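Got your viewer open? Here's a short tour, stop by stop, with what to select and what you'll find there.

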Number of protein chains: 2
Amino acid sequence: MAKLETGLLTPLGYRAAAVRCGVKSVADKLDLALILSDAPAVAAGAFTTNRFRAASVQLDQKRLKSKGLRGIVVNAGNANACTGERGLRDAEAMAEAAALACGARKDSFLVASTGIIGHPLPMDKILTGIKDASGRLSSELRAGHETSYAIMTTDTKPKETCAVIKLPGGGKAAIGGICKGSGMIAPKMATMLCFLLTDVKMERALLQEALSRTVEKTFNCVTVDGDSSTNDTALLMSNGAAPDAEIASRGKRYDAFCEGLYETCSTLAKKLAQDGEGATKFVEVNVTGAPTEADAKKAARAIANSPLVKCAIHGGDPNWGRIICAAGYSGALFPTRDVVLHIGRVCVFRNEMPTKDAAKAAAEMKKKEVVINLSLGKGPGNAIMWTCDFSAEYVAINALYHT
Amino acid sequence: MAKLETGLLTPLGYRAAAVRCGVKSVADKLDLALILSDAPAVAAGAFTTNRFRAASVQLDQKRLKSKGLRGIVVNAGNANACTGERGLRDAEAMAEAAALACGARKDSFLVASTGIIGHPLPMDKILTGIKDASGRLSSELRAGHETSYAIMTTDTKPKETCAVIKLPGGGKAAIGGICKGSGMIAPKMATMLCFLLTDVKMERALLQEALSRTVEKTFNCVTVDGDSSTNDTALLMSNGAAPDAEIASRGKRYDAFCEGLYETCSTLAKKLAQDGEGATKFVEVNVTGAPTEADAKKAARAIANSPLVKCAIHGGDPNWGRIICAAGYSGALFPTRDVVLHIGRVCVFRNEMPTKDAAKAAAEMKKKEVVINLSLGKGPGNAIMWTCDFSAEYVAINALYHT
C-alpha cells in the first residue's frame with residue numbers, strides 16, 4: 001500500500017482493525033472491521049428511506065441518541081436485510097460482542113452490514129472475526145485504510161479521504177471518512193456505507209444537523225442505477241479528542257466544520273460515482289435556472305438515471321437529444337423555448353433546436369469526465385447530480401451477482 | 001411473408017401503402033407509409049407528456065378534433081423533434097402533400113415521425129416517397145403488414161394485431177392495429193407509434209374516451225428503460241364503413257368495442273415489451289393489495305424499471321432481494337409485515353424473510369416469460385407492468401445509435 005498522508009484515522013482518539021472472517025466467499029478478502037473511539041463519543045446518522053430496513057439500520061436508529069457510544073462494527077458480504085426476527089437478534093449480538101471485545105459497555109456499539117439480501121449472518125464467523133479484530137486495533141493510518149477495504153463489495157477501489165480544519169478562534173480538528181458502494185446507488189442514499197470520524201467536541205443535535213445537511217448535498221446527489229438499498233448508512237462519530245476543538249453552537253466554527261464535512265463527503269460521493277458498477281466514465285449533471293430547486297432536481301435526476309443517456313456517454317456519442325428528452329419527461333416544469341444545453345463547453349441546443357456546433361460535442365462526450373450543463377431558464381432552482389456511464393460490464397456484474 | 005388472417009386492414013374502408021424513400025440509412029428498409037380511409041373519418045389520439053413534443057405531435061393535437069379526417073402519413077428514421085419552426089413547417093408540408101396525393105382536402109391528414117432527434121426531415125425524399133406510396137395504396141392485408149415494417153426503428157419484429165367484435169344487438173366490426181417501439185419505452189407512452197383503425201361509426205368524443213381509458217391500462221403499463229420520448233403517438237381512426245356498426249352511446253355495444261380495443265392494445269403493448277431493445281425475456285409485474293392504486297403503480301413501476309431486477313432476470317438469477325428492495329424504495333406505502341412475493345408460482349418472501357422455497361425460484365427466473373406477483377397487503381390497489389430483461393445487447397445498441 002502507498003504511504004498515506006491522511007485518512008480515516010487522522011482525527012485523534014480512534015483506532016481500527018480489519019480482518020478476514022469468511023463472510024465473503026472469495027479468499028483473501030477482508031470482510032469485517034472494528035472502529036473504536038478511545039473515549040465516549042456521540043454519533044449522527046443518515047439512513048436509507050427504503051421501507052425494508054436492514055436489521056443494522058433498525059438497531060442504529062434506536063441507539064444513535066445514546067451518549068457514551070464507543071464504536072462501530074461492520075461486515076461485508078452479507079447485508080443482514082430481510083432476515084426477520086433472527087436478523088435483529090444477530091445485529092444485536094454482533095454489536096454486543098464487538099463492544100465487549102473492546103472492553104466497552106455492551107450497548108455502546110453501532111453496527112453496519114452490506115452484501116447479499118435475505119441470508120442469515122454466519123454468526124460463528126462474525127464472532128470469531130470480532131475477537132480477532134479486537135486484538136489488532138491500531139491508530140495507524142494503515143488500519144483505517146484496511147478498514148476501507150473490508151467494507152467493499154463490488155467496489156473496485158477503496159474510498160477514503162480526510163479534511164483537516166482550522167477552527168476560527170483557535171483549535172484544529174480533522175474529519176476522516178471511508179465509504180463503499182457501487183451498485184444499488186441512488187439518491188436518497190445508496191447501498192452505501194459511510195463512516196466518518198471527527199475529533200471535535202460537539203453536541204449530538206448539532207452534529208446531526210451538520211450531517212443531514214451535508215448528506216443532502218453530497219451522497220443524495222449520486223446515482224449509479226436508480227436503485228436505493230435496504231442498508232444505506234452514513235455514521236459520523238465525534239469524540240472531542242482534539243484539544244481546543246469544541247464547537248458549542250452555530251457560528252463561524254460550526255461553519256468551518258460544515259465546510260470540512262462537505263469536502264469529505266463530496267470527495268467520497270464522487271468516488272462512489274467514479275466507481276459505479278461497470279463505470280468507465282464520471283458524469284456531472286448541472287441543472288440551473290429552473291423555477292424551483294425541486295424542478296431542477298427532477299430534471300437532473302432524470303438525466304442522470306436515463307439508461308439511454310448513460311449508454312450514449314459510454315459510447316462517446318453526442319446524442320444530446322436523449323438529454324433533452326429526459327429533461328422533458330422528468331416532470332420538471334419549464335418553458336421549452338428557454339432551454340440551453342451545453343456538453344462540456346460546447347453549446348448543443350438553444351431556441352428549441354440544435355446549434356451549428358452540436359457535432360463538436362463528440363469530443364466532449366469522449367472525455368473520461370463528462371459535464372452536462374442544462375439551463376432551464378432564469379429561475380432560482382439549481383441542482384447537481386453525479387453519476388457514471390452504463391456499460392455492458394454493469395449487466396455482466398449484475399446478471400450473475402447472486403449465485 | 002406468411003399469409004395473414006387478420007391485421008391492420010381487416011376493418012372495412014381503409015387502404016395503406018409502404019415504400020422506401022431513403023430516410024433510413026440502411027438500404028432496402030421501408031421507411032414511409034400512408035394510411036387512407038376511403039370515407040371521411042374521425043380520430044382519437046394519445047400523445048407523449050414530454051415537455052418537448054415533436055412537430056408531428058403538435059400538429060396532430062391541433063388537428064385531431066376536425067371532422068372529415070382521411071388519413072395518416074408516417075416516416076421512420078427521423079423524429080422531426082427538436083427541430084424548431086422549420087420542423088413545424090415540415091410536418092405541415094408532409095401532411096398536406098400526403099392529403100393532396102390521395103385526392104383529399106389538404107388539412108385532412110395526421111402525421112407521425114420516429115427516429116433520430118434534432119435533424120431536419122429530408123423533405124425531398126419524404127415528398128418523393130409520398131407520391132410513390134399514393135400510387136400503391138391497397139386494401140389487401142399485405143399492405144397493412146408492410147406498413148408495420150415501415151414504422152420500425154430498432155424494433156426487431158413488426159407488431160400487428162386485430163380484434164373482430166360482434167356487437168350486442170347486431171353488427172360486426174373490427175379494430176386493426178400496428179405499433180412500433182423498442183427503446184425509449186416507458187409509462188406515460190413510449191417512443192411508440194401506434195395506429196389503430198376501426199370501421200365502427202362513433203362520435204369523436206366517445207372514441208377519445210375509449211382510447212384514453214385503454215391506453216392507460218395497456219401502453220402506459222409498458223416500460224423498457226424508463227425513458228419516455230418526444231414523439232409518442234397513438235391514433236385511432238373510425239370511419240363507419242361496417243354495416244350496422246354504429247355505437248351511439250355508452251352501453252353494451254360500447255363496452256364490447258372497448259373490450260376489443262383492450263384486446264388489440266394489450267396485445268400490441270406486450271409485443272412492445274417482448275421486443276424491448278436487447279430483450280431476451282418478457283416480464284409481467286403484478287402488484288396487488290396496496291392501500292391505493294397509486295401505491296400499487298409506484299411499486300410495479302419501480303420493480304419494472306430497476307436495472308438490478310432486470311439484470312437478475314437476464315441472468316436467470318432468483319435474486320428476489322432486489323425486487324423487495326425496489327418495492328421498498330418506490331415510495332409506495334405499505335406495512336412490510338404483510339408483504340408476500342411470488343416469482344411464478346413459487347412463494348419466495350413472507351413474514352419479512354425468505355421462505356424455504358426461495359431457492360426453487362431459480363427455475364421460474366430462467367423461463368422466457370417471468371411473472372412477478374407482489375402482494376402488499378389487503379388494500380384495494382392493484383397494478384400491472386410489462387417489461388423485459390436488461391442485457392449487454394441493450395448497452396451495445398444504445399452506445400452507438402447516433403453515429
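We'll visit a residue in a strand, then a helix, then a few charged pairs. Keep in mind as you click around that this is a predicted model.

**Stop 1: N78(A)**

Select N78(A), which sits in strand β3 (residues 69-78) of chain A. Is N78(A) buried or exposed? With a relative accessibility of 4%, N78(A) counts as buried, because the cut-off for that is under 20%. Now show its side chain: it reaches the backbone nitrogen of N80(A) at 2.8 Å. Next, bring up the contacts that N78(A) makes beyond its neighbours within four places in sequence; among them are V23(A), S113(A), T114(A), H119(A) and P122(A).

**Stop 2: helix α2 of chain B**

Hop over to chain B and select residues 84-101, which make up helix α2. These 18 residues should span 26 Å at 1.5 Å a residue, and the C-alpha atoms at the two ends are indeed 26 Å apart.

Which residues of α2(B) are buried? Colour G84(B), G87(B), D90(B), A91(B), M94(B), A95(B), A98(B) and A99(B). Then look down the axis of α2(B): the buried residues fall within an arc of 165 degrees, so they line one face of the helix. On the face turned away from that buried side, pick out the exposed residues E85(B), R89(B) and L100(B).

What do the buried residues pack against? In chain B, their partners include β2 (32-47), α1 (55-63) and β3 (69-78), and from chain A comes β14 (353-354). Before leaving, click on G103(B), just after α2(B), where phi is positive at about 75 degrees.

**Stop 3: salt bridges**

Over all chains, the structure holds 30 salt bridges. Let's sample a few.

- In chain A, select D357(A) and K360(A): their closest N and O atoms are 3.1 Å apart. D357(A) is partly exposed at 33% relative accessible area, while K360(A) is exposed at 54%.
- In chain B, try D132(B) and R136(B), whose side chains meet at 2.8 Å, N to O. D132(B) is partly exposed at 31%, and R136(B) is exposed at 51%.
- Staying in chain B, select E209(B) and R250(B), with closest N and O atoms 2.5 Å apart. This pair links distant parts of the chain, 41 residues apart: E209(B) is in helix α5 (residues 204-217), and R250(B) is in the loop between β10 (246-247) and α6 (252-274).

For a last click, select E140(A), R142(A) and E146(A), which are joined into one network by salt bridges that share partners.

Key. Residues numbered from 1 in each chain as written. Chains lettered and ligands numbered in written order. Predicted model: local features only at pLDDT ≥ 70, side-chain atom pairs only at ≥ 80, totals over all residues. Heavy atoms only, no water. Helix = DSSP H or I, 4+ residues; strand = E, 2+ residues; numbered from the N terminus. Buried < 20%, exposed > 50% of the residue type's maximum accessible area, 1.4 Å probe, protein only. Polar contact = N/O pair within 3.5 Å; in protein donor to acceptor, adjacent residues only side chain to side chain. Contact = heavy atoms within 4.5 Å. Expected span 1.5 Å × (residues − 1). Arc of directions from axis to C-beta. Salt bridge = Lys/Arg side-chain N within 4 Å of Asp/Glu carboxyl O.
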